[in-house]
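Student: Before I use this model, I would like the reasoning behind the terms applied to it.
Tutor: Then ask term by term.

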Amino acid sequence: MDVGSAGSSSHDDPVLPLLPCRSSRGRRRRTLVRKFLLSDLSHFSPFPQMSSAAESQFHVLAVDDSLIDRKLIERLLKISSYQVTTVDSGSKALEFLGSRVNDDRSSSDSLPSVSPSDHQGVEVNLIITDYCMPGMTGYDLLKKIKESSSLRDIPVVIMSSENVPSRITRCLEEGAEEFILKPVRLADVNKLRPHMMRTKKLKGQEQEQELQEESVTHCEVRSQPPRQHELEIEQSQQDQSQQIQQHQQQKSGNNNKRKALDVEEGLSPDRTRSRYNGVATF
């Protein structure tokens, strides 16, 4: 689906606009792309005998400001049984991914037509983007994705119609998986699957490790209460023993006090005084 250009024609629409180009080479390239888009390519499927269930699980986000190039990459990816979403700018790609674009925009730049809340839960397994785009370039988009903690693990592939070694090196050093020269071919699309498979495998390993850590933590938590209970019982027994000892000591102290009082009273002169002392008798 193309979420980047509202009202644009479907890739099955025979009327496709040809963008102006400055050279005869560019015109020939777009003419070939146009014929390619209008042709029946079902017999070119790279995996004709393979069930599309596994490939359809992969979702590719294609970013290109050229409608012709977007339609081309969309058709190639669908031939390979991938789910495809196309947008026409880097800012719309970030909004589809649920990110925020912090750079200032002029009033003439319209906000992306896709709301991040509309795509919550949509997993993107790979991003393929054109290098040269107005506003945010493919290189800028690559940097923002790799700087995001939630997006950095998504493989990014750069496309360009210009073979500039310094540009290619810079993108690869920034974290791009591939740098593909336009026009994109089926052979180029075949290079995308290993990157998605590797990322999926790494993600599965991370999830498995998290489950193991949770399991270990759960086991520790389960084994902790009995030990804690034993400690509480021991502490209770110690408290009772101390209370008994204190009670015995207190009782012994009271007995000693009574004995001392009895001794004092037995030695007192008042104890030997006659009961009728001071009373006259006849």
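Tutor: This is a predicted model. The average pLDDT of the protein is 74, and 59% of the residues score at least 70.

Student: What makes residues 42–52 and 100–118 stretches to treat with caution?
Tutor: Over residues 42–52 the pLDDT is below 50, with 10 contacts in the model beyond near neighbours in sequence. Over residues 100–118 the pLDDT is also below 50, and the contacts of that kind number 17. Where pLDDT is low, the predicted coordinates should not be read in detail.

Student: Why is strand 4 called largely enclosed?
Tutor: Buried means under 20% relative accessible area. In strand 4, 5 of the 5 residues are buried, so the rest of the structure largely encloses this strand. Val156, Ile158 and Ser160 are buried on one side, and Val157 and Met159 on the other.

Student: How do you know that strand 4 pairs with strand 3 and strand 5?
Tutor: Pairing requires at least two bridges. Strand 3 (residues 126–130) is joined to strand 4 by 4 bridges, running parallel. Strand 5 (residues 178–181) pairs with strand 4 over 4 bridges, also parallel. Isoleucine 158 of strand 4 stands opposite threonine 129 and opposite phenylalanine 179 in strand 5.

Student: Which helices lie on the crossovers between these strands?
Tutor: Helix 5 lies on the path from strand 3 to strand 4, a right-handed β-α-β crossover. Helix 6 belongs to the right-handed unit with strand 4 and strand 5.

Student: Which residues have the most contacts inside the largest nonpolar core?
Tutor: They are Leu61, Val63, Ile127, Ile158 and Cys171, in a core of 24 residues. Helix 5 supplies the largest share, 4 residues.

Conventions:
Residues numbered from 1 in each chain as written. Predicted model: local features only at pLDDT ≥ 70, side-chain atom pairs only at ≥ 80, totals over all residues. Heavy atoms only, no water. pLDDT = per-residue confidence, 0-100. Contact = heavy atoms within 4.5 Å. Core = buried A, V, L, I, M, F, W, Y, C linked by side-chain atoms within 4.5 Å. Buried < 20%, exposed > 50% of the residue type's maximum accessible area, 1.4 Å probe, protein only. Helix = DSSP H or I, 4+ residues; strand = E, 2+ residues; numbered from the N terminus. Right-handed = clockwise from strand over helix to strand, strands pointing away.
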